[in-house]
Amino acid sequence: LPAAVLLKDTKLMDVKLGQLGSWLAMRDFTPSGILGAVRRGYDRYYNKYINVRKGGIGGVSMVLAGYIVLSYMWSYSHI
Amino acid sequence: VLHTTRPLHTTQQSLAPVPPLPEKGGEVRHGFIPEEFFQFLYPKTGVTGPYMLGTGLLLYFLSKEIYVINHETVAAACILGVFIYGIKRFGPDVAAYADKLNEEKMASALAMKNEAMQALQTAIEEEKKEQWRVEGRTYLFDAKRNNIAMLLETNYRERLMMVYNEVKKRLDYQVAMQALKRQKEQDHMIQWVEKNVIQSITPQQQKESIAKCILDLKALSKSAQAAV
C-alpha cells in the first residue's frame, strides 16, 4: 500500500488540475516563505545552467529572453 | 546552555571532499528553450510538436497585435542578427579561453595540494629518522660515564702520588737530621780527643819519643842496608 502523500508536500508537476487551487492556497506566502521560494528557484537555475564546468550560451540567454519578454509585457500599454 | 540530551554529529555529513562540478549544464535548444520542454511535448506530439506550437503562437501574436511591429522590431532583428553571427563565429574561441583559465586555476590548486602532501611526507621521514637517532642515546651515556670514571681514577691516582711524595719528604728530613746530628757529634768528639791528646803530650814525653824513633830508624836502616 503506497503511503499517501499529503497535498502540501507534492511537487507542482504532480498536482492534478482540480487540486491546483487548493494546492496554491496551501503555499507559504509569508515574506520569509517568498524569500525562501525565490532563493530555491535561483539555486536550482544556477546549479543547473551556470555552475558547471562547460556552460554554454543557454544559461545567460534564457535570462535575457525572460527579461525581454517581461519588459515587453510591462511596456505593452505604451505602444 | 547546551542541552546534553540532544545528540550531536549523528549524520556522516562532512564538508570535504566537495563533490566535483557537473561537466555540462542543462541542454538548451536554439539558445533559449530548455530541452525539457521538447521532451515534455514529445509523447503527445512527436518531434515537430514544439515547432508547430511556436509557429502558431507567433502567428497568433502577430495577427492579434499582441506583438506590435514597429521600428523597434527592425532594430531588434538587426541586433539579434549581429548577436547570432558573433556567437556562432567567436563562441568556440571564447569557450576555449575560459577553459584554459579554469585549467590554470585547477593546476595551481593541485600543485599546492601536491606540495603540501610532499612536505608532510618529508616531515614524516625526518620524524622517523629522529626516532632512530634517539635509540643511540644509550651509547652516548655509556661513553660519558666512561669519561667520568676515567677522570675520577686519574684524580685519585694523582692524590695518592702527592701523599706519597709528601710523606717521603718528611721522612727524608728526619733521616737527614739524624745523620747530621751524628756527624756533628762525631766530628766534635774527634776534635776534642785530638785536642786532649795533643795537650797531654808533655815536652818530656816528646823528647823520649823522638829518641825512641831515632833508635828504631837506626835499627831499620841496618836491616834495610842488609836487604839491599
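UniProt positions are given here in the numbering of this model, with feature names shortened, and such annotations may be inferred rather than shown by experiment. The model is predicted, so that local features need a pLDDT of at least 70 and side-chain atom pairs count only at pLDDT 80 or more, while totals for chains, interfaces and linings use all residues. Residues are numbered from 1 along each chain as its sequence is written, chains are lettered from A and ligands numbered from 1 in the order in which they are written, and side-chain values use heavy atoms, with hydrogens and water left out.

**Exercise 1. Work out what secondary structure is found in the span that UniProt lists as a "transmembrane region" in chain A.**

Step 1. The record, an unreviewed entry, lists residues 55-74 of chain A under that name.

Step 2. Between the end C-alpha atoms of residues 55-74 of chain A the distance is 30 Å, and the span is 85% helix and 0% strand; helices (H or I, at least four residues) and strands (E, at least two) are DSSP runs, numbered from the N terminus.

Step 3. Chain A as a whole has 3 helices and 0 strands, in the order α-α-α along the sequence.

**Exercise 2. Determine whether Gly59(A) is buried or exposed, and place it in the chain.**

Step 1. Gly59(A) belongs to helix α3 of chain A.

Step 2. Gly59(A) counts as buried because its relative accessibility is 6%, where buried means under 20% relative accessible area, exposed over 50%, and partly exposed in between (1.4 Å probe, protein chains only).

Step 3. Tyr46(A) lies 13 residues from Gly59(A) in sequence, and their C-alpha atoms are 8.3 Å apart in space.

Step 4. For context, buried residues make up 13% of the 79 residues in chain A.

**Exercise 3. Find which residues other than glycine have a positive phi in chain B, here His30(B) and Glu65(B), and describe their surroundings.**

Step 1. His30(B) has a phi near 55° and sits in the loop between β1 (28-29) and β2 (33-34) of chain B.

Step 2. With a relative accessibility of 54%, His30(B) therefore counts as exposed.

Step 3. Glu65(B), with a phi of about 55°, is placed in the loop between α2 (49-63) and α3 (71-134) of chain B.

Step 4. Glu65(B) is at 46% relative accessibility and so counts as partly exposed.

Step 5. The chain around these two residues has 5 helices and 2 strands, read along the sequence as β-β-α-α-α-α-α, and 4% of the 228 residues of chain B count as buried.

**Exercise 4. Describe the second largest pocket by its volume and its lining.**

Step 1. The volume is about 760 Å³. On a 1 Å grid over the protein atoms alone, a pocket is an open set of points where a 1.4 Å probe fits, with protein on both sides within 12 Å along at least five of seven lines, and lining residues have an atom within 4 Å of a point. Grid points are joined across faces, edges and corners, and the volume is the space filled by probe spheres set on the points.

Step 2. Of the 21 residues that line this pocket, Lys11(A), Leu12(A), Met13(A), Gly41(A) and Arg44(A) are the closest to its centre.

Step 3. Two elements give two or more residues to the lining, namely α2 (31-50) of chain A and α1 (35-45) of chain B, and α2(A) supplies the largest share, 9 residues.

**Exercise 5. State what confidence the predictor assigns to each chain and to the complex.**

Step 1. Chain A has a mean pLDDT (the predictor's confidence in each residue, from 0 to 100) of 84, and 95% of its residues reach 70 or more.

Step 2. For chain B the mean pLDDT is 89, with 96% of residues at 70 or more.

Step 3. The complex receives an ipTM of 0.73 and a pTM of 0.57.
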